[in-house]
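Trainee: I've got a model open on my screen and I'd like to walk through it with you. Can I fire off some questions?

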Amino acid sequence: MDMFKIILLLFLVGCAISVSLTKNLLTSIIIYMSYSVVMSIIWIILESPDLAITEAAVGAGVTSILFFVTLKKIHAIKEEKDNVETENE
């Protein structure tokens, strides 16, 4: 079990570093989602299920959806139709 905890902590640190180094906004949101999922697993291991549920719901759920909607509103995420038209030109 100790090895599993070490792997989770290393993955958590790796996610935190890679989010700050990633230039693509969509990729950084996906990494942030995985960070929240790992954090909720760590809360379960620490026997705090209320925090685990909150982290999973707010961190990986609501916050990520808000980030996706924001990227869509500022046109940082283009629709597939726009990408196909750009390739054809």
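Trainee: Let's start with I41. In which helix is I41 found?

Mentor: Keep in mind that this is a predicted model. The residue belongs to a helix that covers residues 25-45. So I41 is found in helix α2.

Trainee: Is I41 buried, partly exposed or exposed?

Mentor: Buried would need under 20% relative accessible area, and exposed would need over 50%. I41 comes out at 31%, so the label for I41 is partly exposed.

Trainee: Which residues form the nonpolar patch on the surface with I41?

Mentor: Together with I41, the members of this patch have about 370 Å² of accessible area. The partners of I41 in the patch are M1, F4 and V37.

Trainee: Zooming out, what is the order of elements along the chain?

Mentor: The secondary structure comes to four helices and zero strands. Read from the N terminus, the order is α-α-α-α.

Trainee: What share of the 89 residues in the chain is buried?

Mentor: For the surface, the chain exposes about 6,600 Å², with carbon and sulfur atoms supplying 69% of that. As for residues under the 20% cut-off, the buried share of the 89 is 20%.

Trainee: Where do the buried residues of α1 sit around the helix axis?

Mentor: Helix α1 takes in residues 2-21, and its 29 Å reach is close to the 28 Å expected. Its buried residues are L8, L12 and C15. Seen down the axis, they fall within an arc of 65°, so they line one face of the helix.

Trainee: And which residues are exposed on the other side of α1?

Mentor: The cover over the buried residues of α1 includes α2. On the other side of α1, the exposed residues are D2, M3, L10, S20 and L21.

Trainee: What covers the buried residues of α2?

Mentor: Helix α2 has 21 residues and reaches 30 Å from its first C-alpha to its last, close to the expected 30 Å. Its buried residues are S28, I29, I31, S36, V38, M39, S40 and I42. Their cover includes α1 and α3.

Trainee: There's a serine in that list, S40. Which residues does S40 touch?

Mentor: S40 is found in helix α2, and it counts as buried at 9% relative accessibility. Leaving out residues up to four places away in sequence, S40 touches A52, E55 and A56.

Trainee: How about S64: which residues is S64 in contact with?

Mentor: S64 has its place in helix α3 and is buried, with a relative accessible area of 1%. Setting aside neighbours within four places in sequence, the contacts of S64 are I29, Y32, M33 and G59.

Trainee: F67 caught my eye as well. Which residues does F67 touch?

Mentor: F67 is found in helix α3 and is partly exposed, at 38% relative accessible area. Its C-alpha lies 8.9 Å from that of L26, a residue 41 positions away in sequence. Not counting residues up to four places away, F67 touches I29 and Y32.

Trainee: What distance separates the C-alpha atoms of I65 and M33?

Mentor: I65 lies in helix α3, residues 49-73. At 53% relative accessibility, I65 counts as exposed. Along the chain I65 and M33 are 32 residues apart, and the distance between their C-alpha atoms is 9.9 Å.

Trainee: Now the loops. How far apart in space are N24 and A76, C-alpha to C-alpha?

Mentor: N24 lies in the loop between α1 and α2, where it is partly exposed with a relative accessible area of 42%. In sequence, N24 and A76 are 52 residues apart. In space, the C-alpha distance is 9.6 Å.

Trainee: What is the phi of E47?

Mentor: E47 has its place in the loop between α2 and α3, and it counts as exposed at 71% relative accessibility. Its phi is positive although E47 is not a glycine, with a value of about 60°.

Trainee: Last one. Of the contacts in the chain with a separation of 6 or more, what share comes from residues 24 or more positions apart?

Mentor: A contact here is a pair with heavy atoms within 4.5 Å. Among those with a separation of 6 or more, the share from residues 24 or more positions apart is 54%.

Note on methods: Residues numbered from 1 in each chain as written. Predicted model: local features only at pLDDT ≥ 70, side-chain atom pairs only at ≥ 80, totals over all residues. Heavy atoms only, no water. Patch = residues over 30% accessible without salt bridge, like charges linked within 9 Å, V, L, I, M, F, W, Y side chains within 5 Å. Areas by Shrake-Rupley, 256 points an atom, 1.4 Å probe, with all protein chains shown as cover. Salt bridge = Lys/Arg side-chain N within 4 Å of Asp/Glu carboxyl O. Helix = DSSP H or I, 4+ residues; strand = E, 2+ residues; numbered from the N terminus. Buried < 20%, exposed > 50% of the residue type's maximum accessible area, 1.4 Å probe, protein only. Expected span 1.5 Å × (residues − 1). Arc of directions from axis to C-beta.
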